[in-house]
Amino acid sequence: MRILFYITGIAIFLILAGLSYSQNYATRDVLSEIERLRSTITQKQNQLRALEDEWAYLNRPERIKDLVVLNFQHLQMMRREPGPKQDFSSLPFMPAPSEYDPSEAILE
Amino acid sequence: MILSNLSYYAARVLSLVLKGFGLFLRGAVALFAPADLPEKKLHAHSRGRIAFAASCALIFFLSVGTKIFFTASSGEAASTALTGSVRTTASRADIVDRSGHVLATNIDTHSLYAHPHQLVNRERTIKELLRIFPDMAEEKLRKDLSAARKFAWIRRRISPEQMEAVHDIGEPGLLFGKREMRFYPNENLASHVLGGYRFGREGVSNAEIIGIAGVEGYFNELLNDVTRTEPLRLSIDLPTQNTIEDVLAGGMKMLNAKGASAVVMEVKSGKIRALASLPDFNPNDRPTPLLQGSPSDSPIFNRAVQGVYELGSVFKVFTIAQAIDLGLVSPSTMIDTKGPMKVGRYKIRDFHDYGDRLSVTNILVESSNIGTARLALAINTKRQEEFMRELGMLDPTGLEVLEAERARPLLPQKWNEISSMTISYGHGLSVSPTHLAAGYATILGDGHRVYPTLLEGADASKGPRVVGEVTSKKMRTMVREVVKEGTASFARKTGYSVGGKTGTADKAKPTGGYYHDRVIASFAAAVPADDPEYIVIVNFDEPVDYTLGRPSRTAGWTAVPIAGEAIRRIGPLLNITYTPEEQNED
């Protein structure tokens, strides 16, 4: 009886030791995974920021104005004239793709 | 909670340790027991040894266990691993307009430096660098890269293409550092609001960005605060700003003007929707201040904020508002305007002779200096000065750009009766167009003092009352008359009911006296006139119009048509209440 008690005790001890050993390495793996993810996030954030900057640069009013003039034939966009109060949601959308093909503008 | 938990566990661990310590002592005693003992006692000793070994093991495991327990429960290790900041570089906060369009942001670039003592092929390196950067002086480069040196900057900022080219040299003595720089995607747009930056303390891998002008300068510390993640939101409306600059640039060309400025301000809140000054500059490459001549000749001079001018007749609105508010006159009171009016050795004249008498409304409509001077006499010097102070005309505006702090109005040395009269029609007191905008918003709004601001999230509480609401209403009707009948008739056909006052002031010579062929022409307008939503100030420096075949410089021919066009175009953008044409023309 006593021997059984010792054996189970040692077995539990060994199991626990094994568990904590594997837990240790599991933790390390997770930590390095976090590190990797974090650097990916930073990288993606930097990419996102660069894209946002580029977007802001491409959307600068001066360029938009030039594009509107260049593509007047297709877009027919006119300056808004004074009129009763309007919401931007009440403005008409761009013509549907079937009527308007951006590639045409490039080809010309 | 955590504390009580901790003390509970501490007590348990302590009791276990004490128990173990008792066993430990018994074991220790057993170790030194003599060998020739009776069997019973020997048996007891060996049990003691086992207990000793077991308690040693227990103490060891307990200490390891408690350590694990405390580490896990305090979450110390976890916090650094899991919630550590993912922002690697301490970036300066972005600046955005009221709807989030980016006005200023940061981009990553690289700097190029050298460790000359590590150069492998010096001659080739110099030759290649000169090929990549043709503007570099060979002499200086040769000196910088001499073997005696340990460190030399080559370029503070290089483009990705240049970096690629330098990489291709394959020289181990050339090194790149990471560097953030400020980027203004809209280039010249709103340049005077944003200001500019320079690099501060420089390291190899980063450089401090310091705002030196405009909003960048005013909010330098706030923008550089690393704990800040939100962008700085300005009240500027990008489309409006763009339109205003567009119209203003066109006007400046048409009128051959030296400079121009404009301010668009929301009446109720004092929020500035557009603030422009021409000529402007590209803040990505801010010009250096002039070393010679007047600073106002430089494109970095902000005419709308820094430029203090004698603005002329636009001030008549203030004088008349005060006279009405004090109950001295009503809009229909007749005032003697027989000219010229002599005060001491000083003569006050009108542009035309308007007859012997004019009503107060017509003094504003026809812009009579004599009539306004008479009102100033009735108001008296002290009350006028006090009123101007309440209106904010005697102090800096407090606008959130660095230049505003130093833009102090120029007051007469002695505020006597003569200066009081000249100030009544806008001479002898120099203020900036921003001052004027705030003053008009105060008088034509609802009479509460309006403080100009560039922040979208500015405090919306009302300032102290300057004039009564009734006065304010009467003034709105009167400035509407100026557009319908008077000097500002070119602002009639805008689609919006405009009310405003023109001002044409001879420019003061730096040597004293006034030029007769150089003027500052301004138009200060409120739209819509019956319940103003926006104040629009347009101001030209030395404009001339030749439409009539002869030069006309008055604001009615210069600032007014341009302001009218500006209002027509920003109206739809700012959703200003529309007044149909028929109603507009009655």
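**Strand pairing, surface and internal space in a predicted model**

In strand β2 of chain B, the residue that serves as bridge partner of Ile95(B) is Ala104(B). This pair belongs to a predicted model, in which strand β1 (residues 95-96) of chain B and strand β2 (residues 102-114) of chain B run antiparallel and are paired over two bridges. Five residues lie between the two strands of this hairpin, and Gly100(B) takes a positive phi near 100° there.

Strand β2(B) also pairs with further strands of the chain. With strand β4 (residues 174-183) of chain B, β2(B) pairs in the antiparallel sense over 10 bridges, and Ser111(B) stands opposite Gly177(B) of β4(B). With strand β3 (residues 152-158) of chain B, which is likewise antiparallel to β2(B), there are four bridges, and the partner of Tyr113(B) in β3(B) is Trp153(B).

The backbone was examined next for unusual angles. Most residues other than glycine have a negative phi, and most peptide bonds are trans. Ala190(B), a residue other than glycine, has a positive phi near 60°, and its place is in the loop between β4 and α7 (191-194) of chain B. Two cis peptide bonds can be described as well. Leu278(B) and Pro279(B) are joined by a cis bond with omega at about -5°, and Pro279(B) is found in the loop that runs between β9 (272-278) and β10 (309-310) of chain B. Val527(B) and Pro528(B) are joined by a cis bond with omega at about -20°, and Pro528(B) is situated in the loop between β17 and β18 (534-541) of chain B.

On the surface, a nonpolar patch is formed by residues of both chains, namely Phe5(A), Tyr6(A), Ile10(A), Phe13(A) and Leu14(A) together with Phe60(B), Phe61(B), Val64(B) and Ile68(B), and their accessible area together is about 960 Å². Two elements give two or more residues to this patch, α1 (2-58) of chain A and α2 (39-74) of chain B. The largest share, five residues, comes from α1(A), and Ile10(A) is placed in this helix.

Empty space was then considered, both open and enclosed. Rolling a probe the size of a water molecule over the atoms shows where such space is left. The second largest pocket has a volume of about 1200 Å³ and is lined by 40 residues, with Ser313(B), Phe351(B), Asn369(B), Thr504(B) and Thr554(B) lying nearest its centre. Two or more residues of this lining are given by each of β13 (346-348), β16 (499-508) and β17 (514-527) of chain B, and the largest share, five residues, comes from β16(B). When the lining of this pocket is sorted by class, 13 residues are nonpolar, 18 are polar and nine are charged.

As for enclosed space, the structure holds one cavity of 30 Å³ or more, and the volume of the largest cavity is about 50 Å³. Its lining is made up of Leu391(B), Gly392(B), Pro396(B), Thr397(B), His435(B), Ala438(B), Arg449(B), Val450(B), Tyr451(B) and Pro452(B). By class, six residues in the lining of the largest cavity are nonpolar, three are polar and one is charged.

How values were computed: Residues numbered from 1 in each chain as written. Chains lettered and ligands numbered in written order. Predicted model: local features only at pLDDT ≥ 70, side-chain atom pairs only at ≥ 80, totals over all residues. Heavy atoms only, no water. 1 Å grid on protein atoms, 1.4 Å probe; cavity = no way out; pocket = protein on both sides within 12 Å on 5 of 7 lines; lining within 4 Å. Points joined across faces, edges and corners; volume = space filled by probe spheres on them. Nonpolar A, V, L, I, M, F, W, Y, C, P; charged D, E, K, R; others polar. Pairing = 2+ DSSP bridges. Patch = residues over 30% accessible without salt bridge, like charges linked within 9 Å, V, L, I, M, F, W, Y side chains within 5 Å. Areas by Shrake-Rupley, 256 points an atom, 1.4 Å probe, with all protein chains shown as cover. Salt bridge = Lys/Arg side-chain N within 4 Å of Asp/Glu carboxyl O.
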